[in-house]
Amino acid sequence: MSRIAKKPVALPKGVELNAQAESISVKGPKGTLSIAKPADIQVSIEDGNALLSANDPARIALTGTLRAIVANMVHGVAHGFERKLELVGVGYRAAVQGKDLTLSLGYSHPVVFKAPEGITITAPTQTEVIVAGADKQLVGEVAAKIRGFRPPEPYKGKGVKYSDETIIRKEAKKA
């Protein structure tokens, strides 16, 4: 079995893991998440830890993947995930009205993005957007969609970028 699959998943206080024959659900203070589980992977809960195991040699790699997904689900319902985005450029602004994010990105029209269920979008300043939620995959997907409206360009660095992203700058053509 892989090294990752052998590691137990620690369940913090207030987090409840429930494994049925075909699904795994995790419930915590930030919400409830569930995922489909192959029938030949077993989940056992011992002293606040969840252990995954497989008897079929073809499912050993899948066990490590499922363990990583379950660990992300446990962290998400306990603490949550967030991605920070920055708007770089003159006149680039973000505002939140209800569950809608309105972006002014230099187009002739404002870009309106509706937040999916389970995701909260906040704009502490006009040039900063924070995407937060319990599902790591959904938080990353929503942040990538928002970044996709105006990806950063390499000459001036204008656009929507992740806060920890570094833009590799190019030098302009010389006459």
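**Exercises on two cores and four loop residues**

A123 lies in the loop between β11 and β12; here helices (H or I, at least four residues) and strands (E, at least two) are DSSP runs, numbered from the N terminus. We're working with a predicted model, in which local features need pLDDT of at least 70 and side-chain atom pairs count only at pLDDT 80 or more, while totals for chains, interfaces and linings use all residues. Residues are numbered from 1 along each chain as its sequence is written, and side-chain values use heavy atoms, with hydrogens and water left out.

**Exercise 1.** Work out which accessibility class A123 belongs to, and which residues A123 is in contact with beyond four places in sequence.

*Solution.*
- Start with the classes: buried is under 20% relative accessible area, exposed is over 50%, and partly exposed is in between (1.4 Å probe, protein chains only).
- A123 has 26% relative accessibility, so it goes down as partly exposed.
- Now the partners, with contact meaning heavy atoms within 4.5 Å: A123 reaches A94, V96 and E128.
- For a distance check, pick V70: it sits 53 residues from A123 along the chain, and their C-alpha atoms are 30 Å apart.

**Exercise 2.** Do the same for A134: find its loop, its accessibility class and its contacts beyond four places in sequence.

*Solution.*
- The loop with A134 runs between β12 and α3.
- A relative accessible area of 11% makes A134 buried.
- Its contacts are K30, L33, G76, V77, F81 and G118.
- I119 is 15 residues from A134 in sequence, with a C-alpha to C-alpha distance of 7.8 Å.

**Exercise 3.** Find which residues touch the most other members of the largest nonpolar core, and which element gives the most to this core.

*Solution.*
- A nonpolar core is a set of buried Ala, Val, Leu, Ile, Met, Phe, Trp, Tyr and Cys residues joined through side-chain atoms within 4.5 Å.
- The largest one has 21 residues, and I121, V131 and I146 touch the most other members.
- At least two residues each come from β7 (81–88), β9 (100–104), β10 (111–114), β11 (119–122), β12 (128–133), α3 (136–148) and β13 (159–162).
- With four residues, α3 gives the most.
- There's also a second, separate core of 19 residues, with V9, I24, I41 and V70 among them.
- Back to I121: leaving out residues up to four places away in sequence, it touches V96, L101, F113, A115, V129, I130, V131, V142 and I146.

**Exercise 4.** Look at D47 and V90: say whether D47 is buried or exposed, and do likewise for V90.

*Solution.*
- D47 is in the loop between β5 (41–46) and β6 (49–54), and its 77% relative accessibility counts as exposed.
- Most residues other than glycine have a negative phi. D47, not a glycine, has a positive phi near 35°.
- V90 belongs to the loop between β7 and β8 (93–97), and a relative accessible area of 82% makes V90 exposed.
- From V90 to F113 is 23 residues along the chain and 21 Å between C-alpha atoms.

**Exercise 5.** Describe the whole protein: how many helices and strands does it have, and what is its radius of gyration?

*Solution.*
- Count three helices and 13 strands.
- The radius of gyration is taken over C-alpha atoms, and the globule rule is 2.2 Å times the number of residues to the power 0.38.
- For 175 residues a compact globule would come out near 16 Å, but the protein has 21 Å.
- Along the principal axes, the C-alpha atoms fill a box of roughly 65 × 40 × 25 Å.
- As for burial, 33% of the 175 residues count as buried.
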